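Got your viewer open? Load the model, keep the selection box handy, and follow along stop by stop.

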Amino acid sequence: MDAAGSENPVVLKLVIGNKNYSSWSLRAWLYLVQSGLAFEEIRLRLFTETWPTDIARYSPAGRVPVLLDGNITVWDSLAIMEYVRETYPGSVGWPRDLAAYAYARAVAAEMHSGFLAVREELPQNIRICQKRSRTDFSSAAQQQILRIETLWQDCYQRFGGRGYLASFRSRM
Ligand SMILES: N[C@@H](CCC(=O)N[C@@H](CS)C(=O)NCC(=O)O)C(=O)O
């Protein structure tokens, strides 16, 4: 029990930017929420005058998200998810089936290191709904959109959806 009398004291702190614009922040945040872990959310304002000094207090890498677990600092969304999965039993894990596991790891790695044209030309903004034509974007972005669609379709066909996305707890 902690000093406040809570059975589950909050030890984890997640430093993030704006969840609407920062998909990197959102992915770590969703992972912690989906894992059912209590954490304190520290929100920094991206691209403001104070941003460089604000983020420097938490990470020399100068990017969000950053996870603080006591005196341990983990930066980078994928590293955060790996750390949490290995450290906190019950957090969301990789699929147990070997084929699904290999597939999931490859998809996560592809997502993490790729799709640069999509990131550049279609920055995240969950609040707006805009009808755009594929031809508005570069051929690199169009190819990457096609790749994402194929990946999602393939995932659903091979492993099924079974309400996975619908089961996300709403806490935004
Ligand atoms: N590969 C990193 C990317 C992190 C990243 O680029 N974060 C952006 C959030 S939009 C950021 O902090 N940008 C601030 C800057 O570039 O100064 C991760 O997965 O955490």
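Start by selecting E82: with 14 other C-beta atoms within 10 Å, E82 counts as partly exposed, because buried would take 20 or more and exposed 12 or fewer. E82 sits in helix α3. Now pick V92 as well, ten residues further apart along the chain; the two C-alpha atoms are separated by 9.9 Å. Keep in mind as you click around that this is a predicted model.

**Stop 1: around helix α3**

Select residues 77–87 to light up all of α3. Which residues of α3 are buried? They are S77, I80, M81 and V84. These four cover an arc of only 95° around the axis, so they end up on the same side of α3. What do they pack against? Show α1 (23–34), β3 (66–69) and β4 (72–75), and you have the partners of that buried side. Now spin the helix around: the face turned away from the buried side carries E86 and T87, which are exposed.

**Stop 2: the nonpolar core**

Next, select L14 and A28. In the largest nonpolar core, which has 18 residues, these two touch the most other members. Colour β1 (12–16), α1, β3, β4 and α3, since each of them supplies at least two residues of this core. Which element gives the largest share? That would be α1, with five residues.

Stay on L14 for a moment and show its contacts. Leaving out neighbours within four places in sequence, L14 is in contact with A28, W29, L32, F39, E41, I42, P65 and L67. Remember P65, because the next two stops go there.

**Stop 3: the ligand**

Click on the ligand and bring up the residues around it: G17, S22, W24, L46, G62, R63, V64, P65, D76, S77 and L78. Two names should ring a bell: P65 is on the contact list of L14, and S77 is one of the buried residues of α3. How does the shell around the ligand divide by residue type? There are five nonpolar residues, four polar and two charged.

**Stop 4: some backbone oddities**

Here is some background for this stop: most residues other than glycine have a negative phi, and most peptide bonds are trans.

Zoom in on V64 and P65. The peptide bond that joins them is cis, with omega at about 5°. You'll find P65 in the loop between α2 (51–56) and β3.

Now jump to F47, in the loop between β2 (39–43) and α2. F47 is not a glycine, but its phi is positive, at about 55°. Is F47 buried or exposed? It counts as exposed, because it has 9 C-beta neighbours inside 10 Å.

F115 is another one to select. Its phi is also positive, about 55°, although F115 is not a glycine. You'll see F115 in the loop between α4 (98–113) and α5. With 17 C-beta neighbours inside 10 Å, F115 counts as partly exposed.

**Stop 5: a loop further along**

Select S138, which is in the loop between α5 (116–121) and α6 (139–159). S138 has 13 C-beta neighbours inside 10 Å, so it counts as partly exposed. What does S138 touch, once residues up to four places away in sequence are set aside? The answer is A117 and E121. Try the distance tool on S138 and A117: they are 21 residues apart in sequence, yet 7.8 Å apart in space, C-alpha to C-alpha.

**Stop 6: zoom out**

Finally, show the whole protein as a cartoon. How many helices and strands are there? Six helices and four strands. Trace them from the N terminus and the order reads β-α-β-α-β-β-α-α-α-α. Of the 172 residues, 14% count as buried. Take the contacts between residues at least 6 apart in sequence: 58% of them join residues at least 24 apart.

Last, colour by pLDDT. The mean is 89, and 87% of the residues reach 70 or more. Over residues 1–5, though, pLDDT is below 50, and this stretch has three contacts in the model beyond near neighbours in sequence. Check residues 163–172 too: pLDDT stays under 50 there, and the model has five contacts for them beyond four places in sequence.

Note on methods. Residues numbered from 1 in each chain as written. Predicted model: local features only at pLDDT ≥ 70, side-chain atom pairs only at ≥ 80, totals over all residues. Near = placed C-beta within 6 Å. Nonpolar A, V, L, I, M, F, W, Y, C, P; charged D, E, K, R; others polar. pLDDT = per-residue confidence, 0-100. Contact = placed C-beta atoms within 7 Å. Arc of directions from axis to C-beta. Core = buried A, V, L, I, M, F, W, Y, C linked by C-beta atoms within 7 Å.
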